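Hi everyone, thanks for coming. I'd like to walk you through a two-chain model today, so have a look at the picture first and then we'll go through it piece by piece.

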Amino acid sequence: MLGFSLRSLWNRRFVAGLTVLAIGLSVALILGVERLRDGARDSFANSASGIDLIVAPRGNSVQILMATVFGVGGTGTGMTWDSFEWMEGRPEVAWAVPIQMGDNHRGYPVIGTDASYFEHFRHSGGQPLSLAAGTFFTGDGADAAVVGAEIAARFGYAPGTVIVNAHGSGEVSFDLHDDAPFTISGVLAPTGTAVDRMVFVALEGFDTIHAQEETPLADPLDPAATPANGHGEDDAHDDHDAHEDHEDHGEYEGTEVGHGHEPDRINAVYVGLIDRTNVLGLQRAVNERPSDALSAVLPAVALAELWGITGTAESAMRLMAWAVALAGMISMVVMLSATLDTRRREFAILRSVGATPARIFGLIVTEAAILTAAGLILGLVLLTVATFVTDPILSARFGLRLGFDVFGAREPGTLFVIFCAGLLASLVPAVRVYRMTLADGLSVRL
Amino acid sequence: MRALHVQNLTFNWPGAQNVTLRIPNLSLAQGERIFLFGPSGSGKSTLLSAIAGVVDVSTGAILVADKDLGAVRGGARDRFRVDHIGMIFQVFNLIPWLSALENVLLPCTFSQRRRTRAGDDPVATARRLLEELGLSDPSLASKPANQLSVGQQQRVAAARALIGKPDLILADEPTSALDEAAKAAFVDLLTRECAEAGSALLFVSHDRSLERHFDRSVDFLELNRSAA
């Protein structure tokens, strides 16, 4: 029966080939969308990997995540250096990296941090940051900057280039810190994450640009610009505040704890734990700290929350992929149905040599099964080739890793569903043939 | 055993007023060759359909190899047909995309009985049949059926009807598409092979010039009393 169906299809190989192609493309599309989705989610979930907790001035966890990990928007007004030291001193904390934000370089966010950032930050499945050229902050690096790959590529930066940052986060800014230029010390290798679009400067340098500003820069009528103490949650959205607070920078005198420079206020802290199971306890401790209104964000939880928001686009993509699969199935039904009339004679001959109508019914279903199976195989081949070709591009530019596995975890299920859909669709022409052969008997009146 | 026995058969097409067939008695002994002649449209093909078990008769009995077709239902009747009957049609006998040889072997793929009776090696039997029917060229046997001439196609159809020695061969105007010389040669070959296979042959035609090849002839108009 199988051989017979194969021969029959071979006889119509051109149309059959097109049908297989249509099914193959839809299979590749469905699996491709699924893999892209998984890859996107993984890369997304990994964009803060290695960080157990992000501590920032009290605010919405998604907003804190967006500001710190993706460099979009800002956190609430600064948290005190005291809180950072308290954090760092906790017994369950392995490391803590201070983060300052609020400046931009030609529209790209500038992050003030220290060298430990490069040591602890992980991306795309746990890979550490590496340099494409130059060095991380050197010992005295108050004016050193490390730039992400995308920035370096876009503006042609290399170690030694002198750059000037601007205040605020908008692309167009008239408030240039041109009196405090930075010299690029290193260019990061591409990560496919927001890091590619960030400029890193040492905390000390970050403060320097603000230290030279004249004191009364705040509008006395703007409550958001009120300096220093007493920031509540109500001004959590003002990302400029943290830096305007630096006007009282010179007054701060803290103890040395290994950070070469101690700003009085920072925007966030990346925290790594010795034992990750303590994360909830620490989170509670942070939230309950009386002297500073802080939020401790579990990056994984916030990322999942954020992913939930973007899930609609994802569903639309899946829907489209399945619609294409439906079109593929319909093209198969069309192909099988269109040939039925010309094959009536063939079916009559088969009946005359003993084929039952049920057997002829089975013949059509077998043909559909062959077409669908061939489509599935073609789809997998197309997808593998496409993955092979696009993987270097996707991983470099978007940090997406599709993986070369022939089967993902859910893919056998998806393939099975498509195969069943193919068989189901073939019932339409098969039932027609069944009736036709019963009515025609052995002599076809055409 | 009788290859075919038709008794008190009546048949009318659904919705038709008049009875199409009314055949009191028609019998073929084992290996007997009968020439059934009559004008077109007189119901000859309908009789063959009834014998092949494709249409259900209203009353009466059709026995093929002493088995009542009316007692065999559905798919079993298709299997019974291929076990006991070989068929040759007017035209379009072959699956166009199968080779001549594969077309000949079709009954053997659907019938265990025919396969067993085709000998130890059905393929060799098929080749021998093709050869005896004048298609000895090996390249012809492997050609797709739609590349053969009409005369060649009819001989392939004959080989297919004959393979596995069925009890009865029904031939429905198989020579109408052939020229005069080919007709006689075809009928000659067919009757000879039937004799060799021991199959009874019911040969339907309107061309009485072929009558002489058969054991006896039957006038369909006399056989069928539907008009009476």
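Before I count anything: when I say helix or strand, I mean a run that DSSP assigns, with at least four residues for a helix and at least two for a strand, numbered from the N terminus. Also keep in mind that this is a predicted model.

Okay, chain B to begin with. By that count, chain B has nine helices and nine strands. It has 228 residues, and 46% of them are buried. Now take the contacts in chain B between residues at least 6 apart in sequence: 77% of those join residues at least 24 apart.

So how many residues does each chain put into the contact between them? Chain B brings 22 residues and chain A brings 16. On chain B's side, three helices each supply at least two residues: H1 (44–52), H2 (74–84) and H3 (100–110). The top contributor there is H2(B), with five residues. If you sort chain B's side by residue type, you get 14 nonpolar, five polar and three charged.

Over to chain A, and one strand I'd like you to find: S3(A), residues 93–105. Is it mostly covered or mostly open? Mostly covered, with ten of its 13 residues buried.

Who does S3(A) pair with? One partner is S14(A), residues 268–273, which runs antiparallel to it over six bridges. In that pairing, Ile99(A) sits opposite Ala268(A). Another partner is S4(A), residues 108–113, again antiparallel, this time over four bridges. There, Asp103(A) faces Val110(A). S3(A) and S4(A) form a hairpin with two residues between the strands, and in it Arg106(A) has a positive phi near 50°. Then there's S10(A), residues 166–167, joined to S3(A) by two bridges and also antiparallel. Asn104(A) has Ala166(A) as its bridge partner in S10(A).

While we're on strands, a general point: in a regular strand, side chains alternate between the two faces of the sheet.

Last stop, the annotations. An unreviewed UniProt entry places "transmembrane region" features in chain A at residues 14–33, 293–313, 319–340, 361–394 and 414–434. What does the model show over two of those? Residues 14–33 of chain A are 100% helix and 0% strand, with the end C-alpha atoms 28 Å apart. Residues 293–313 of chain A come out as 71% helix and 19% strand, and the end C-alpha atoms there are 35 Å apart.

That's my tour, thanks for listening!

How values were computed: Residues are numbered from 1 along each chain as its sequence is written. Chains are lettered from A and ligands numbered from 1 in the order in which they are written. This is a predicted model: local features need pLDDT of at least 70, side-chain atom pairs count only at pLDDT 80 or more; totals for chains, interfaces and linings use all residues. UniProt positions are given in the numbering used here, feature names are shortened, and annotations may be inferred rather than shown by experiment. Two residues are in contact if their C-beta atoms, placed from the backbone, lie within 7 Å. Ala, Val, Leu, Ile, Met, Phe, Trp, Tyr, Cys and Pro count as nonpolar, Asp, Glu, Lys and Arg as charged, and the others, Gly among them, as polar. A residue is buried if 20 or more other C-beta atoms lie within 10 Å of its own, exposed if 12 or fewer, and partly exposed in between; C-beta atoms are placed from the backbone. Two strands pair if DSSP finds at least two bridges between them.
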